[in-house]
Amino acid sequence: MDKSSKIYIAGHRGMVGSAIWRALENKGYVNLIGQSSKEVDLRNQQAVLNFFDREKPEVVIDAAARVGGILANNDYPYQFLMENMQIQNNLIDASLQADCQKFIFLGSSCIYPKLAPQPLKEEYLLTSSLEPTNEWYAIAKITGVKACEAIRKQFGKDYISLMPTNLYGSFDNFDLKTSHVLPAMIRKFHEAKQSTFNGQQSTVTLWGSGTPMREFLHVDDMADAVVFALENQFQDNLYNVGTGKDLTIKELAKMIQRIVGHEGDIFWDSSKPDGTPRKLMDVSKMSQAGWKAKIGLEEGIKSTYQWFLQNQDSFKEVKM
């Protein structure tokens, strides 16, 4: 990959896109382009085609999506299905029409069946039913994976899909109604630490039983994996990206509580859904290709909390 190649990062202002931008700049790439959603509405096919015609990118990295946690997915199923399909389909088709030789599609581990064997292997895709709380987002992402696979098969282009596990880090969404579990916990424990009653720090209420197991990958590691995929030829079309290690939500809560310094109680609201019991990625294909995660979970949460503290007045809140 030439350092002057014109690389378009869709979603460059989001947590993942901005991390990819920083990683590419750090490696000496000098021709990066990005457009905000106000400049180009990726849901609008003609707007996307016009942008490609004007800018003529050589490489496209699709880090643009409507994302959210269980609550957002449950309350806005149509937006999660339709808007994600519009965004990715417009980008994939425009890239094909513009003869882009490389396209990197970013998905999510939720594409795999709810009760698939653990750890999740790439070949488990479409072998059983999805987790109902986020199937709308998952179905959209599956169509993106299959579109890239079809282009690879029919046109011989280097279009690949990377499926990250749960991501977190700088520029995450900390809105309690739409965020994922890790940033939501950071904010909840921090705010409870700041709030005291009779000398006691406030109790933190968390959803579910705390027993589901989850794997977490720092967004800077994800960005590193994207750069690796950019600079190497991969044999297949679909690769999992993660750490290959997981922990219970209860263990995660204890770790975040300790890092934040909250000394109050935790209440588990078992009337709320748990989601998938376990979602551990099999990352052996990516490992065989030559890439492994580097940032440990505790180290990553500490740096994310520091970022949160420094950006409390301006951190992102995603409204529906």
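**Helix packing and sheet arrangement in the predicted model**

Helix α7 is mostly covered, with ten of its 13 residues buried. The structure described here is a predicted model, and α7 serves as the starting point of the description. The buried residues of this helix are V219, D221, M222, A223, A225, V226, V227, F228, A229 and L230. As to its geometry, α7 comprises residues 219-231, and because a rise of 1.5 Å a residue is expected, its 13 residues should span 18 Å, a value with which the 19 Å separation of its end C-alpha atoms agrees.

One partner of α7 is helix α1, formed by residues 15-26, which packs against α7 at an angle of about 60 degrees with the two axes 8 Å apart. At this angle α1 and α7 are oblique to each other, and the crossing in which α1 passes α7 is right-handed. On the α1 side the interface consists of M15, V16, A19, I20, R22, A23 and L24, and these meet V219, D220, M222, A223, V226, V227 and L230 of α7. Among the α7 residues that are buried are V219, M222, A223, V226, V227 and L230, and each of these also takes part in the meeting with α1. The spacing of such positions may be read against the general geometry of the helix: an α-helix has 3.6 residues a turn, so residues three or four places apart point the same way.

Six strands make up an open sheet with parallel pairing, in the order β2-β1-β3-β4-β5-β12. Its edges are formed by β2 (32-33) and β12 (238-241), each of which pairs on one side only. At the β12 edge, strand β5 (residues 158-164) is paired with β12 in the parallel sense over four bridges, and within this pairing S161 stands opposite L238 of β12. Helix α4, residues 77-97, packs on the sheet and touches β1 (7-10), β3 (59-62), β4 (102-106) and β5, its direction making about 170 degrees with that of β4. Helix α5, residues 135-155, likewise packs on the sheet, where it touches β4, β5 and β12, and its direction makes about 155 degrees with that of β5. Both β4 and β5 are thus touched by α4 and by α5.

The segment before β1 contains K6. This lysine has a relative accessible area of 18% and is therefore buried, the limit being under 20%. Leaving aside residues up to four places away in sequence, K6 touches N31, I33, E55, K56, P57, E58 and V59; of these, I33 falls within edge strand β2 (32-33) and V59 within β3 (59-62).

A further open sheet is built from three strands in the order β13-β10-β15, and its pairing is mixed. Strands β13 (247-248) and β15 (278-279) are the edge strands, each pairing on one side only. Strand β10, residues 213-214, runs parallel to β15 and is joined to it by two bridges, with R214 standing opposite K279 of β15.

Helix α10 is engaged by two other helices, α6 and α8. Helix α6 (residues 181-194) packs against α10 (residues 297-310) at an angle of about 60 degrees, the axes lying 11 Å apart, and the two helices are therefore oblique to each other. The crossing of α6 past α10 is right-handed. The contact involves L182, I186, R187, H190 and K193 from α6, together with L297, I301, T304, Y305, F308 and L309 from α10.

The axes of α10 and helix α8 (residues 249-260) come within 10 Å and cross at roughly 50 degrees, so that these two helices, too, are oblique to each other. As α8 passes α10, the crossing is right-handed. Here L252, M255, I256, R258, I259 and V260 of α8 make contact with L297, E298, I301, K302 and Y305 of α10. Residues L297, I301 and Y305 of α10 therefore take part in the contact with α6 as well as in that with α8.

Finally, D269 is placed in strand β14, residues 266-269, and with a relative accessibility of 16% this aspartate counts as buried. D269 and L206 are 63 residues apart in sequence, yet their C-alpha atoms are 6.0 Å apart in space. When residues up to four places away in sequence are not counted, D269 touches T205, L206, W207 and G208.

Methods
Residues are numbered from 1 along each chain as its sequence is written. This is a predicted model: local features need pLDDT of at least 70, side-chain atom pairs count only at pLDDT 80 or more; totals for chains, interfaces and linings use all residues. Side-chain values use heavy atoms; hydrogens and water are left out. The expected span of a helix is 1.5 Å times one less than its number of residues. Buried means under 20% relative accessible area, exposed over 50%, partly exposed in between (1.4 Å probe, protein chains only). Two strands pair if DSSP finds at least two bridges between them. Axes are lines fitted to C-alpha atoms, for helices over the stretch in contact, and angles run from 0 to 180 degrees between N-to-C directions. Angles under 35 degrees count as roughly parallel, over 145 as roughly antiparallel, 65 to 115 as roughly perpendicular and the rest as oblique. A crossing is left-handed if the near helix is turned anticlockwise from the far one by less than a right angle, and right-handed if clockwise. Contact means heavy atoms within 4.5 Å.
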